[in-house]
Amino acid sequence: LTALPPLPPTWLLEAHSAREDYFAAIHDAITNHPRSLQVRIGPSEIGQKCSRRLAYKLAGKPEREDRPNWRATVGTACHMWQEETFDRANLAFLADHDNVGVERWLIEETVTVGHDAAGEPITGHCDLFDRLTGTVIDHKFVGRTQLQKYKAQGAPQQYRWQAHLYGQGWVNAGIGVAAVAICFLPRDGDLADAHWWTEPFDPAVAAEALQRLHGIQLAVSALGDAAFAALGTADDY
C-alpha cells in the first residue's frame, strides 16, 4: 500500500460523494450490462405471458425507463457463480473417472432454437446441459413467494417454453435430449429450500412457443402499431 501513487490534484478539486458515486457505478453496470442491452428476441422472452409486451419488443419499441433491476442483477451474478461451480464439477468428475478428458457438464453454450417468421435464427445461452443424462438445466433465482408458488403449481408456461426451446436447440445441434429441468433456487433462503422441476423433453412444446412467436410477428408486420391493441395482455403487466 505504501507504493500506491498519489491521487491527481485535479481529482481533489472535483466535488464527489462516496454514496452517490457508489450507486452511480452500480446503476451504470446494470444499465450497460449485455443482458440489459440485448435487443434480439431470445428463448427466455419468447414465452413472455404478455403478447403485447412481446410485440413491442419485436417492433423495436424502447422500454420505458425504470429503476435499475437489482433482482435480475443478483440472478446474473448467481449465474456467474454457477458457471464456476460446474467448471469445478467437471474437473472433479474427470478426476473421479481417470481423467478421460470428456466434459460432462456443458456450460452457457449458445444454441439455435429455431427461426423467427422472417427466417432469422433465434439463439440463446443454455445455462447447463448434462451430457450424461441428456438433461437441459436452467437456473432460476427467485424470491420466497415465487418459490412457494412454483413448488405448489410447477413451472409456469413461460419457463416451460424456454426449457423446451433450449432442448430443441441441442437437438438441432445433433445432441440427444431426454429431459428438461428448472432448478428454482432461493434468493433469500437456504439451499435446502430449492425446488427441482423436470419433465421429459417434448419438441411439440418448443414448436408451440415458436408458432406463437410467428403469429405475433406476422400481426406486427401486417398491422403495424394497430397490432398492439389487438394482442392480449397479462395481469403481471
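**Figure 1. A salt bridge joins the side chains of D130 and R104.** In this predicted model, the side chains of D130 and R104 meet with a nitrogen-to-oxygen distance of 2.7 Å. D130 belongs to strand β2 (residues 121–130), whereas R104 sits in the loop between α6 (70–96) and β1 (105–115), so the pair ties together parts that are 26 residues apart in sequence. D130 has a relative accessible area of 3%, and because the limit for a buried residue is under 20%, D130 is counted as buried. A search of the whole structure finds 5 salt bridges, and the pair of D130 and R104 is one such contact. As a general point, side chains of opposite charge can pair when their charged atoms come close.

**Figure 2. D138 and K140 form a salt bridge.** The closest nitrogen and oxygen atoms of D138 and K140 are 3.0 Å apart. Is D138 buried or exposed? With a relative accessibility of 4%, D138 counts as buried, and K140, at 13% relative accessibility, counts as buried too.

**Figure 3. E199 and R160 are joined by a salt bridge.** The side chains of these two residues, E199 and R160, meet at a nitrogen-to-oxygen distance of 2.9 Å. The pair links distant parts of the chain, with E199 in strand β5 (residues 195–200) and R160 in helix α8 (residues 157–172), 39 residues apart. Both E199 and R160 are buried.

**Figure 4. Strand β2 pairs with strand β1 in a hairpin.** The strands β1 and β2 pair in the antiparallel sense, and their pairing extends over 9 bridges. Which residue of β2 is the bridge partner of V111? The partner of V111 is G124. Between β1 and β2 there are 5 residues, and in this turn G119 has a positive phi of about 85°. Of the 10 residues of β2, 7 are buried, so this strand is largely enclosed by the rest of the structure. When looking at strands in a close-up view, it helps to remember that in a regular strand the side chains alternate between the two faces of the sheet.

**Figure 5. Strand β2 also pairs with strand β3.** Strand β3 covers residues 135–142, and β2 and β3 pair in the antiparallel sense over 3 bridges. F129 has V136 in β3 as its bridge partner. The hairpin of β2 and β3 has 4 residues between the strands, and G134 in this hairpin takes a positive phi near 65°.

**Figure 6. L191 lies in the loop between β4 and β5.** Strand β4 covers residues 179–186, and the loop that holds L191 runs between this strand and β5. L191 has a relative accessible area of 68% and is exposed. How many residues apart in sequence are L191 and Q162? They are 29 residues apart in sequence, while in space their C-alpha atoms are 24 Å apart.

**Figure 7. The whole chain gives the setting for the close-up views, with 10 helices and 5 strands.** The C-alpha trace of the chain spans about 65 × 60 × 35 Å along its principal axes, and of the 237 residues, 37% count as buried. Among contacts between residues at least 6 apart in sequence, 66% join residues at least 24 apart. The accessible surface of the chain comes to about 14900 Å², and 55% of that surface belongs to carbon and sulfur atoms. The chain has 21 positive and 30 negative charges, and the mean positions of the two groups are 7 Å apart.

Conventions
Residues are numbered from 1 along each chain as its sequence is written. This is a predicted model: local features need pLDDT of at least 70, side-chain atom pairs count only at pLDDT 80 or more; totals for chains, interfaces and linings use all residues. Side-chain values use heavy atoms; hydrogens and water are left out. A salt bridge is a side-chain nitrogen of Lys or Arg within 4 Å of a carboxyl oxygen of Asp or Glu. Helices (H or I, at least four residues) and strands (E, at least two) are DSSP runs, numbered from the N terminus. Buried means under 20% relative accessible area, exposed over 50%, partly exposed in between (1.4 Å probe, protein chains only). Two strands pair if DSSP finds at least two bridges between them. Contact means heavy atoms within 4.5 Å. Accessible areas come from the Shrake-Rupley method with a 1.4 Å probe; for residues, only the protein chains shown count as cover. Lys and Arg count as positive and Asp and Glu as negative; His and the chain ends are not counted. The place of a charge is taken as NZ of Lys, CZ of Arg, CG of Asp or CD of Glu.
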